[in-house]
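Reader: I'd like to learn how to read a few features off a protein model. Can you walk me through it?

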Amino acid sequence: MGKSLLGKAREAFKALLTGRMCLVSDGIPFTFDHVPLRKVVNWILTEASLYLKPSVPWGWPTHLQVEPTAMCNLSCALCPVASGMDRETGHMKFSLFKRLLDEAGRYGLMVLLWDWGEPFVNPAIYEMIAYAKGSGLRVISSSNGHVFADEEEARKLVRSGIDSIIIAIDGITQNTYERYRRSGRLETALKGVRNLVVQKCAGGCDSPLVNLRFLAMAHNEHEIAGLQDLGKALDVDVISIKTVNPYLSDTYAENRDRRQAFYDSFIPLAQRYRRFVSLDEREGLHRVKRCPPCKHLWNAPAVHWDGTVCSCTYDYNERQALGDLKESSFREIWFGDSYRRLRRKFRSNWERLQLCANCSYAYEGGSCLNETIAEVYYNPRHRGAFLKAARDNSVSPLYIALDGGQSDAT
């Protein structure tokens, strides 16, 4: 703990002096240059409040998870969108997005432009990205890639200035791919990736970082060995292998016993690709002994398409909704009574909060901060800066270049 605090103090001092910092999101490091003093100070206050967990945070969110839409063009096996959520679906209006960023974006560093649904079916998505970039925020989004099979859509994404795009490809054959990405076509997704790479090169652009995401599961782990060849063929910047949360569509633990066999069927055999640490069949998963290392209540709210503000991405049915941007300002919600009560409950007895007691962070191996990305493979021909940042910041236990040369990071 002491080293962690000392390291944070050094980072804070360096950021104040230079206006430069590095943040890691989903296993990928992002370097920030010329950060305004207002944002640096807010980051320091927010990071400091994470240790003491006050009911009223000392800063504004450094990260905003925004849901452009709750609608999707696929029906993935463990996704609550496919099984049916207990809330209405729709697209976020640009006016609502703009109002949120005009208020909270002044202090933030990064927008994670996805939650539930396929972000790029929202007609205003490129306008949202451009506005966020114009507000001085780094923008990352995630997609199943099908939209970008249309060359014009790929061109729009590259021109939007987005920093990084995750494309989920959970299989290198159609038979494997469709086991999870139901209704999806692998070749359509791969065409989308190729179009992005072509448009990026044609425009002479450094961004977006194209991150080929592979969710390791029982039915596809045998194809992991072929990922580097696929990455070479596609010429992507990064391949990231992520562990699956088999309980994703039941974080409220309402149907877990009834659907246990279904959930377990997705857990890979290889321990390195399993998210949670298991004890034995009788005791089940190993719970964390201390308060989970969750930051969301102090630095990263989830804002749904209609303006509903929730504590985190796992509250997809809004059982723990904390406010509505159509009725209140973000300041009133973030520093308001509902958030204060929830922060106090989390700090005093998080296991009594159903959502928190059953989320990924509640079990060993499930911290989305540093444990759920199993491996990262970089292509140094395109993003040498990212590779250097990864080495310098010890982001992940393994870095291997797509050309087969292993880096010196361990």
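Reader: Let's begin with the surface: which residues make the nonpolar surface patch?

Author: Keep in mind that this is a predicted model. For a patch like this, look for nonpolar side chains that are over 30% accessible and sit within 5 Å of one another. Here L16, L37, V41, L45, L52 and W58 make a nonpolar patch of about 570 Å².

Reader: Which helix gives the largest share of the patch?

Author: That's helix α2, residues 37-52, with four residues. W58 sits elsewhere, in the loop between α2 and β3 (63-66).

Reader: Is W58 buried, exposed or partly exposed?

Author: The middle class runs between 20% and 50% relative accessible area. W58 comes out at 41%, so it is partly exposed.

Reader: Fine. How do I zoom out to the whole chain?

Author: Start with the inventory: there are 15 helices and 15 strands. Then check burial, where 57% of the 410 residues count as buried. The outside amounts to about 17700 Å² of exposed area, with carbon and sulfur atoms supplying 50% of it.

Reader: And what share of the contacts comes from residues 24 or more positions apart?

Author: Looking at contacts with a separation of 6 or more, residues at least 24 positions apart account for 71% of them.

Reader: Next, salt bridges. How many does a search of the whole structure find?

Author: The idea is to pair a side-chain nitrogen of Lys or Arg with a carboxyl oxygen of Asp or Glu, within 4 Å. That search turns up 16 salt bridges. One of them joins D33 and R20, at 2.8 Å from N to O. D33 is in the loop between β2 (28-32) and α2, and R20 is in the loop between α1 (2-18) and β1 (21-25), so the bridge ties together parts 13 residues apart in sequence.

Reader: How accessible are those two partners?

Author: D33 is partly exposed at 44% relative accessibility, and R20 is partly exposed too, at 39%.

Reader: Which residue does R181 pair with?

Author: With D170, their closest N and O atoms being 2.6 Å apart. R181 lies in the loop between α7 (174-180) and α8 (186-202), while D170 lies in the loop between β6 (164-168) and α7, so to speak eleven residues away along the chain. Both R181 and D170 are buried.

Reader: How far apart in sequence are E375 and R272?

Author: They are 103 residues apart, with E375 in strand β14 (residues 373-378) and R272 in the loop between α10 (260-264) and β9 (278-280). Their closest N and O atoms are 2.4 Å apart. Burial splits this pair: E375 is buried at 2%, whereas R272 is exposed at 53%.

Reader: Which residues are linked in a network of salt bridges?

Author: E67, R87 and E318.

Reader: Last one: how do I look for empty space inside?

Author: You roll a probe the size of a water molecule over the atoms, and that shows where empty space is left. In this model the count comes to two cavities of 30 Å³ or more, and the largest has a volume of about 120 Å³.

Reader: Which residues lie nearest the centre of the largest cavity?

Author: C294, C312, F346, C356 and C359, out of 13 lining residues. As for helices, α11 (296-299), α13 (337-349) and α14 (354-357) each supply at least two residues of that lining.

Definitions and conventions
Residues numbered from 1 in each chain as written. Predicted model: local features only at pLDDT ≥ 70, side-chain atom pairs only at ≥ 80, totals over all residues. Heavy atoms only, no water. Patch = residues over 30% accessible without salt bridge, like charges linked within 9 Å, V, L, I, M, F, W, Y side chains within 5 Å. Areas by Shrake-Rupley, 256 points an atom, 1.4 Å probe, with all protein chains shown as cover. Buried < 20%, exposed > 50% of the residue type's maximum accessible area, 1.4 Å probe, protein only. Contact = heavy atoms within 4.5 Å. 1 Å grid on protein atoms, 1.4 Å probe; cavity = no way out; pocket = protein on both sides within 12 Å on 5 of 7 lines; lining within 4 Å. Points joined across faces, edges and corners; volume = space filled by probe spheres on them.
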